[in-house]
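Biologist: Pick one part of this model and take me through it closely, please. After that, work outwards so I can see what surrounds it.

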Amino acid sequence: MSEIWVALYIFILSGFTGFEVISRVPVILHTPLMSATNFIHGIVLVGAMVVMGRAETTVELIIGALGVWLGALNVVGGFAVTDRMLEMFKKGK
Amino acid sequence: MENIVQASYLISAILFIMGLKMLSSPATARRGNLLAGLGMILAITFTFLIPGMKHHLLMIVVILIGTAIGWVSAKKVPLTDMPQMVALFNGMGGGAAAVISYLELSRGEVASGLKLLAILGGLIGSVSFSGSFGAFMKLQRLMGDRPITYPLQKAFHAILLLLSLFLGYSVFIQFAPSLSGILNMLNFFFVVPLLLGFLLTLPIGGADMPVVIALFNAATGLAVGFDGFAIGNQAMMVSGVIVGASGSFLTYLMAKAMNRSITNVFFGAFGKLRSQEVVKEMKAREVEDASIMLGFARKVIVVPGYGLAVAQAQHKLREFMDVLEDKGVEIKFAIHPVAGRMPGHMNVLLAEANIPYDKLYDLEEINPEFTTADVALIVGANDVVNPAAETDPSSPLYGMPILKAYQSKNALVIKRGRGKGFAGIENDLFFMDQTYMVFGDAQDVLGKLVQAIKKT
């Protein structure tokens, strides 16, 4: 199977997975869930690391570092915000 | 080494999916987020092991700086400001996606099919970056949360979109005589979507922002997915597309829950501002949502009415009380003197179902307590909770003492249909922001609620 077909399969199956995992979510969890998916696309950090790791010139390095910085903010901020929202769902004593 | 990295990406993708699944229920949601966090740490750590990577030390320093800023700002911000923080961090992700595309394209060694994906990732990432930043500014009141409109706004946006697509196409076919020409074109290509994203948020009012942020969130996910394909990174492909799909669906769900359509959100303010006199609608809720609201409340006050008697739902109400008390929820019953069709109707009915007398409160006793109740559950009652009795001198109910259910944090109304009460007048409570309707026969709905609460 050629690579383009594998890629297409990954795309389609991931898309369906995305729909499927959240199809039964109650209204009060909409905002935390959005925040969690916001955190998960922080995986972009990994890609930014890859392109920064390949930088040859100083300009490339600076732009790559900017990408890594943005990605790290996305990951850490996204996680912390989601965790704070979900803290509120603890039962009151 | 390549295999180890791939394995770590695979495991992190599984952790993300399991984490998202756990986020669909309040009981497991927090652990779900932690699980996804574990997946993230795994993927990031093993990325350092990719053969041929350079600048490891600098990379770690930059990540640590981003981590410190992200952590502190997310923890310091008041809870009410959370939506704009989500917008801000989402924008960061979009920006990172744009950076990846930019570096890939400027290097000019990408195969043509992948180049298309890198261009799309860059376009969407840029729009998401500046759009999220615009949303952040609006919510943070850095530029006022009223819609900003001007003539031909829609046409201008359309032109900017076409221009970005044209520039993207030019980058794709390398429509420039020299390398520096291509680079100039590339810079221009990134500037236009950045402008577009920001301008897109201007005509949107603050109340609609959650939907907009959800949409930009989905967009960033998609951009990350496209970039993942462009640079051949499996972790980004899978996670990005999952977020793109779930984010789109979530955007739709949120818009629906707010009684707005997505086109309405984005284009509603064009031409003329939304009229102040909004036609209000009752917000219907599914039993599952209602059960979560109830199961996680601290204090619930039940207001029974004639509908309870008609549906003969008193025994179900007793069961409902028992499951809530098992969950540690405080439950009280507010009895209006004229609830039902005769004085004492409700007391008799509830006594029949063995609901203890000391849980029944009359009007004067219970009214001060609604302000501390998380949910007022109105079962088949209508006129006795109509705020018009207090506020509208022209209402036939004016002057009648009512149960102040409108003062509780949320009101849930179990009702057979959208019709009016015994007095034949509209009940403003049903249209208030904090009020949610569950339509159906009281016995049927309570039975379903009991089942659903047991599961939470």
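**A close look at Asn90(B)**

Modeller: Leaving aside its neighbours within four places in sequence, Asn90(B) is in contact with Asn38(A) and His41(A) from chain A, and with Ser128(B), Ser132(B), Ile213(B), Phe216(B), Asn217(B) and Thr220(B) from chain B. Keep in mind that this is a predicted model. Asn90(B) sits in helix 4 of chain B, which runs over residues 82–107. Its relative accessible area is 0%, so Asn90(B) counts as buried, the limit being under 20%.

Another spot where the chains touch is Asp83(A), in helix 4 of chain A (residues 58–87). Not counting residues up to four places away in sequence, Asp83(A) touches Arg30(B), Asn33(B) and Lys75(B). With a relative accessible area of 9%, Asp83(A) is under the 20% limit and so is buried too.

The chains also meet through a pair of helices. Helix 1 of chain A (residues 3–21) packs with helix 1 of chain B (residues 2–22) at an angle of about 25°, and their axes are 9 Å apart. Angles under 35 degrees count as roughly parallel, so that is what we call these two helices. On the chain A side the residues that meet are Thr17(A), Glu20(A) and Val21(A), and on the chain B side Ile17(B), Leu20(B) and Lys21(B). Sorted by class, the residues of this contact are three nonpolar, one polar and two charged.

Now for the chains as wholes. Chain A has 93 residues, and buried ones make up 60% of them. It has four helices and zero strands, which reads along the sequence as α-α-α-α. If you take the contacts in chain A between residues at least 6 apart in sequence, 67% of them join residues at least 24 apart. The accessible surface of chain A comes to about 3,900 Å², with 70% belonging to carbon and sulfur atoms.

Chain B has 17 helices plus six strands. Of its 456 residues, 55% count as buried. The matching contact figure for chain B is 76%: that share of its contacts between residues at least 6 apart in sequence joins residues at least 24 apart. About 19,700 Å² of chain B is exposed, and carbon and sulfur atoms supply 65% of it.

Further along chain B there is another helix pair. Helix 11 of chain B (residues 287–295) and helix 17 of chain B (residues 442–455) pack at an angle of about 60°, with axes 9 Å apart. That angle makes helix 11 of chain B oblique to helix 17 of chain B, and the crossing is right-handed. Helix 11 of chain B brings Val287(B), Ala290(B), Ser291(B), Leu294(B) and Gly295(B) to the contact, while helix 17 of chain B brings Lys448(B), Leu449(B), Ala452(B) and Ile453(B). By class, that contact has six nonpolar, two polar and one charged residues.

Two more residues are worth a stop around helix 17 of chain B. Lys455(B) belongs to that helix, and at 73% relative accessibility it is over the 50% limit and so counts as exposed. Lys455(B) is 164 residues from Ser291(B) along the chain, yet their C-alpha atoms are separated by 9.3 Å. Ala313(B), in the loop between helix 12 (306–310) and helix 13 (314–326) of chain B, is instead buried, with a relative accessible area of 0%. Apart from residues up to four places away in sequence, Ala313(B) touches Leu308(B), Ala442(B), Gln443(B) and Leu446(B). The C-alpha atoms of Ala313(B) and Val379(B) are 9.3 Å apart, with those positions 66 residues apart along the chain.

Finally, a couple of backbone oddities. Most residues other than glycine have a negative phi. His55(B), though not a glycine, has a positive phi of about 55°. His55(B) is in the loop between helix 2 (29–47) and helix 3 (56–76) of chain B, and its relative accessible area of 27% makes it partly exposed. Leu152(B) is not a glycine either, and its phi is positive at about 60°. Leu152(B) lies in the loop between helix 5 (112–139) and helix 6 (153–173) of chain B, where a relative accessible area of 68% makes it exposed.

How values were computed: Residues are numbered from 1 along each chain as its sequence is written. Chains are lettered from A and ligands numbered from 1 in the order in which they are written. This is a predicted model: local features need pLDDT of at least 70, side-chain atom pairs count only at pLDDT 80 or more; totals for chains, interfaces and linings use all residues. Side-chain values use heavy atoms; hydrogens and water are left out. Axes are lines fitted to C-alpha atoms, for helices over the stretch in contact, and angles run from 0 to 180 degrees between N-to-C directions. Angles under 35 degrees count as roughly parallel, over 145 as roughly antiparallel, 65 to 115 as roughly perpendicular and the rest as oblique. A crossing is left-handed if the near helix is turned anticlockwise from the far one by less than a right angle, and right-handed if clockwise. Contact means heavy atoms within 4.5 Å. Ala, Val, Leu, Ile, Met, Phe, Trp, Tyr, Cys and Pro count as nonpolar, Asp, Glu, Lys and Arg as charged, and the others, Gly among them, as polar. Buried means under 20% relative accessible area, exposed over 50%, partly exposed in between (1.4 Å probe, protein chains only). Accessible areas come from the Shrake-Rupley method with a 1.4 Å probe; for residues, only the protein chains shown count as cover.
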